[in-house]
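Thank you for sending this model, which I have read with the ligand site in mind. My remarks follow as numbered points, beginning with a question.

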Amino acid sequence: MQDTYQTKGLRKKLIEELRRKGISNEQVLEAMNNVPRHFFFESAFLSHAYEDKAFPILADQTISQPYTVAFQTQLLEIKKNEKVLEVGTGSGYQASILVEMGAKVYSIERQKTLYQQTKKRMEELHYAVKMFYGDGYAGLPNFAPFDKIIVTCGAPFIPEDLKKQLKIGGYMVIPVGDDTQIMQRIKRVSETEFDVEDYGNFRFVPMLEDRNG
Ligand code: SAH
């Protein structure tokens, strides 16, 4: 797949749209301008890659809406070399944005077909994401603690294991709720204290238990 003048132009327009919708972090906007979103699409939807919408990927999942990716990434306040855990690799697009911002990214996916497809894609595109086929509710205790954690599926509650794997001073950005979710940012203040901030309503595919496949 190629990144042509046309796709670069469409991407620039999308970035301007995100800016108009309130995304102001220049590093986030730059990362999203650098990563060709159409590389992460199924061929049937390719022509829609630069619309600010979610689209279907394998295993009945979706690649998140660009605004949502920008919003979550902005809340994470990523600094270079930070260790970040993503729950819900999906297409790999969000993980690539984090890599582009200089993070060391670990990502978990529970759908086997999607995990396999995305692993191959990330190798081809040379995005150095450490990918795991597993259940995001458990996190990655062997690689903890993480500076930041991002959950990209709708969680019915905040998983305890993920809280334990957050560094003190670190953030977890997670959409919490069943049919619709409230975007929450949880800051680990001390070993036992967590501050929670709410950032409005979103709609994600559900965070399900156990691996599939
Ligand atoms: N970040 C992705 C968004 C994919 S949608 C992207 O940029 O494309 C959310 C993903 O979370 C889906 O692929 C879904 O299979 C996955 N998911 C749901 N529950 C999970 C769990 N318990 N552990 C890991 N991944 C999960």
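1. How do the residues of the shell around the ligand divide into nonpolar, polar and charged? In this predicted model, 11 of them are nonpolar, 12 are polar and four are charged.

2. The ligand has 27 residues around it, and those that come nearest are G88, S91, E109, G136 and L208. Two of these residues also place backbone atoms beside ligand nitrogens: a backbone N or O atom of G136 lies 2.7 Å from a nitrogen atom of the ligand, and for L208 the corresponding distance, again from a backbone N or O atom to a ligand nitrogen, is 2.6 Å. For R110, a backbone N or O atom is found 3.4 Å from a nitrogen atom of the ligand.

3. As to cover, the ligand on its own has 580 Å² of accessible area, and the protein covers 99% of that area. The site that the ligand occupies is the largest cavity.

4. Turning to secondary structure, the elements that contribute two or more residues to the shell around the ligand are strand 2 (62-63), strand 3 (83-87), helix 4 (93-100) and strand 4 (104-109).

5. The largest pocket deserves a separate remark. Its volume is about 220 Å³, and its lining consists of M1, F39, Q116, Q117, K120, R121, E124 and L125. By residue class, the lining of the largest pocket divides into three nonpolar, two polar and three charged residues.

How values were computed:
Residues numbered from 1 in each chain as written. Predicted model: local features only at pLDDT ≥ 70, side-chain atom pairs only at ≥ 80, totals over all residues. Heavy atoms only, no water. Near = heavy atom within 4 Å. Polar contact = N/O pair within 3.5 Å; in protein donor to acceptor, adjacent residues only side chain to side chain. Areas by Shrake-Rupley, 256 points an atom, 1.4 Å probe, with all protein chains shown as cover. 1 Å grid on protein atoms, 1.4 Å probe; cavity = no way out; pocket = protein on both sides within 12 Å on 5 of 7 lines; lining within 4 Å. Sits in = over half its atoms within 2 Å of the grid points. Helix = DSSP H or I, 4+ residues; strand = E, 2+ residues; numbered from the N terminus. Nonpolar A, V, L, I, M, F, W, Y, C, P; charged D, E, K, R; others polar. Points joined across faces, edges and corners; volume = space filled by probe spheres on them.
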